[in-house]
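Colleague: I would like a close look at a single part of this model, taken slowly and with its surroundings kept in view. Please follow the text with the structure open beside you.

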Amino acid sequence: GALAPVLGCSRAPSDCGKLLIFCAGVRLFTAVCKDEMSLRRLLATRRAALSSAAARAHDFDVIVIGGGHAGVEAAAASCRAGARTALVTKSLATIGAMSCNPSMGGVGKGTLIREVDALGGLIGMVSDAAGCQFRVLNASKGPAVHGPRCQADRKLYMRHMQQALLQYVTNEDHIIGDCGAFGETLSGDLRARPDPSGSFEQMWNEHVDVFIEPNRRLLTLIGEGVVDTMMSETSSGERTVHGIRTDTGRNITAGAVVVTTGTFLRGMVHVGKKRFSAGRMGESATSGLEQTFMRCGFRLGRLKTGTPPRLSASSIRFDGLEEQIGDSDPQAFSYMNDHPLVFHNAAQLSCFQTRTNPDTHRIVRENRESSAEYEAAGGKGIPPRYCPSIETKVERFPDRDSHVIWLEPEGYTTDVVYPNGISNALPEDLQVKFLRTIRGLENVEMLQPAYGVEYDYVDPQTSLYRSLETRQVKGLFLAGQINGTTGYEEAAAQGVIAGANAAYHVLDQPKIAIGRDQGLIGVLIDDLITKGAAEPYRMFSSRAEFRLSLRPDNADLRLYGIASSAGLLGTYRDSRVRDRQHRIEMLEETLRSIALPPQEWSRIGIKTSQDGVKRSALEMLSYTGVDVDVLANVLHRPELALADRRTKTHVKAQIHYASYLERQKREMEAFRKEESLALPKNLEFTSIPGLSNEEIDVLSRRRPETLGEASRVQGVRPSSLFLLLRHAKQGKSSPSL
């Protein structure tokens, strides 16, 4: 019966038909099962063809609103899942723009990039192509807290992201609207400053191949603003989205819509007492959608973020400032790349450190009321705790004489420097005044003032399922800052999940969900839907209970099963992961086969307990200071050192954490049992004796899908989980994603 749709049957077959299907199925499986991925591709292609044929009443299967980091990943993931997709944004020319810091990754955030890459996403490959400095943060610590990071050339990043997205576009007729500079080379005036390293030309002309399958080139780009969504409502109040309305008066229909408006939803920019409507400097805000959200019962709030001024490098005195150079052997983000494009230290750009001082703080403190509209009671938005403005730093830490500022280059051919650490919303003249109190910036020229931006967001705790589909409107998905997060990486992580699940919603396929035990993406989404976002949410590895397992070095291996079975990986990507798995197994087997007694290990320079027990070379990797290259040297086995860096790093990390991972494995199994207990979808919490009024209220608003989710909802007592457990065991339905 399961083969009927594969073979094109539109209704339940007769007994004779079943026999014919069985015979055909035997031949099909005999021919195809030798290659599991071929079978998956065949099934996915057939399902997509049938579903698309049934959905031709719509202009598209999926519409993605917004061209930021969440939007591009959502559109690409939707295409990889087999859905006809439209990305609709006001300006095609700014797709993939880096609104704030020209950097990617860091602790926790770098792992998110690797996980998006493991799901077939774009952000890792584009960062590898556009990075001008690569470093691994916390490199001297254990691999679980390593933070791969890169400083990116802002122009290169946008160019390569647009070029990557173009590979998903069906053909040139599927780019609608004013393209501007979309996908084109930059004009001469933007190349005015020569590149002293000579790296820019090579990197500019590089083609980032995203290895998209030909039958997944399903994208249409539309350069129009969106003013509203179209939806229907049943007599019982159930709403379903059917498309969008654009600012040109056009209606575009679809089976699912993904909203990724970033900071643009009723965005308001603040510079001192000046306020004006914008999503970022120079670009107008989006309005209209917030009215739809309110009509549909969504809880909206206001958040805020800020960006520092942009400075002229030629006006900065770098002499005497602490220089930070890139790693001599830079690591790529994407498992598709052995190295980033910049893999020689001479081609990387340096960052420089300076600091504020008491004079800086005095100016900020004396003029804090000048940004009162944004920073004090006049501003409604809640600011990020982990990326505070200089006004907040001075107020919150009055005993500190200085705060660190990193002067970060914005690229190879630009004079612009990003001073990381001094975002603010002071008037322009005061910004220049306090900047010139800082060492190295005594004569600095400010190219663009710092500013703050307030924007609307939707409360994720009361609005989202794990799939990022909304509870209030069927087929409507949200991703990025509209869900209360901050950062490119967090947005991209949500985008890939929302885009894929929007496609599966239309194609009537199971949606994907990543658990807290499977990835930081799962931690991020679970935190949002169980705890909400009282402030802009930022990912840290410390948020994960199982962070020893959720490392940046194993993201592709951890998520391979999910990505592959969901059809998000093409043939080449899939083969790369399987080849990596094979190389890891071969190295482990070789190291396991080399076993020596304690006295022999001591003789060659690795001291161990003299207990007479033979130990393998694999076991010796758990010793401090011992890695594969060390073993290759002392054992005179040079072939061991020939293994690639990622393979050696992963094997070392697994052995380094072996005893902890075994204990964590047991904890994860217990966690999964709890997660698998689904609560009845229409459970009336008011009917459960013993729940407090507070618990009834928070559970009714949140409506957790599993007992595990309920245990993480703030305000629910451990004793109340036993009451829910009784209902979970009585319920027959599985969790709805």
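Leaving aside its neighbours within four places in sequence, which residues is Arg149 in contact with?

Modeller: Since this is a predicted model, everything that follows describes computed geometry. Setting aside the neighbours within four places in sequence, Arg149 is in contact with Asn101, Ser103, Met104, Gly105 and Gly106, with Gln133, Phe134, Arg135 and Leu137, and also with Phe333, Glu408 and Asn420. Arg149 lies in strand E5, and because its relative accessible area is 17%, under the 20% limit, it counts as buried. Another way to place Arg149 is by its separation from Val107, which is 42 residues away in sequence while the two C-alpha atoms are 8.0 Å apart in space.

The strand that holds Arg149 belongs to an open sheet of 3 strands, ordered E3-E5-E4 with antiparallel pairing. Strand E3 (103–105) and strand E4 (131–137) are the edge strands, each of them pairing on one side only. From one strand to the next, the twist averages 20 degrees. Between E4 and strand E5, which covers residues 147–152, the antiparallel pairing runs over 6 bridges, and Gly131 is found opposite Ala152 in E5. Helix H4, residues 109–118, packs on this sheet and touches E3 and E5, its direction making about 80 degrees with that of E3.

From H4 one can go on to helix H5 (residues 123–130), since the two helices pack at an angle of about 115 degrees with their axes 7 Å apart. On the H4 side the contact is made by Ile113, Val116 and Asp117, and on the H5 side by Ile123, Gly124 and Met125. Sorted by class, the contact of H4 with H5 has 4 nonpolar, 1 polar and 1 charged residues.

The cysteines deserve a short remark here. The count of disulfides comes to 0, and Cys132 is accordingly in no disulfide, the nearest cysteine sulfur being that of Cys351 at 7.4 Å. Cys132 counts as buried because its relative accessibility is 0%, and Cys296, with a relative accessible area of 7%, is buried as well.

Elsewhere in the chain, strand E10 (residues 251–259) offers another set of pairings to follow. Of its 9 residues 7 are buried, so E10 is largely enclosed by the rest of the structure. Strand E1, residues 60–65, runs parallel to E10 and is joined to it by 5 bridges, with Ala254 in E10 as the bridge partner of Phe60. Strand E9 (residues 239–246), by contrast, pairs with E10 in the antiparallel sense over 3 bridges, and here Arg245 stands opposite Asn251. The hairpin of E9 and E10 has 4 residues between the strands, and in it Gly249 takes a positive phi near 90 degrees. E10 is also joined by 3 bridges to strand E22 (residues 476–478), the two running parallel, and Leu478 in E22 is the bridge partner of Val259.

Two further sites may be worth finding in the viewer. Ser370 sits in the loop between helix H9 (358–366) and helix H10 (372–375), and with a relative accessible area of 15% Ser370 is buried. Not counting residues up to four places away in sequence, Ser370 touches Gly272, Lys273, Pro427 and Leu430. In helix H25, residues 693–702, the buried residues are Glu695, Ile696, Val698, Leu699 and Arg702, and just after H25 comes Arg703, which takes a positive phi of about 50 degrees.

As for the chain around these parts, it has 27 helices and 24 strands, and buried residues make up 57% of its 737 residues. Among contacts between residues at least 6 apart in sequence, 74% join residues at least 24 apart, and the contact list of Arg149, which includes Phe333, Glu408 and Asn420, can be read alongside that figure. The protein chain exposes about 30600 Å², of which carbon and sulfur atoms supply 52%.

Notes: Residues are numbered from 1 along each chain as its sequence is written. This is a predicted model: local features need pLDDT of at least 70, side-chain atom pairs count only at pLDDT 80 or more; totals for chains, interfaces and linings use all residues. Side-chain values use heavy atoms; hydrogens and water are left out. Buried means under 20% relative accessible area, exposed over 50%, partly exposed in between (1.4 Å probe, protein chains only). Contact means heavy atoms within 4.5 Å. Accessible areas come from the Shrake-Rupley method with a 1.4 Å probe; for residues, only the protein chains shown count as cover. Two strands pair if DSSP finds at least two bridges between them. Axes are lines fitted to C-alpha atoms, for helices over the stretch in contact, and angles run from 0 to 180 degrees between N-to-C directions. Ala, Val, Leu, Ile, Met, Phe, Trp, Tyr, Cys and Pro count as nonpolar, Asp, Glu, Lys and Arg as charged, and the others, Gly among them, as polar. A disulfide is a pair of cysteine sulfur atoms within 2.5 Å.
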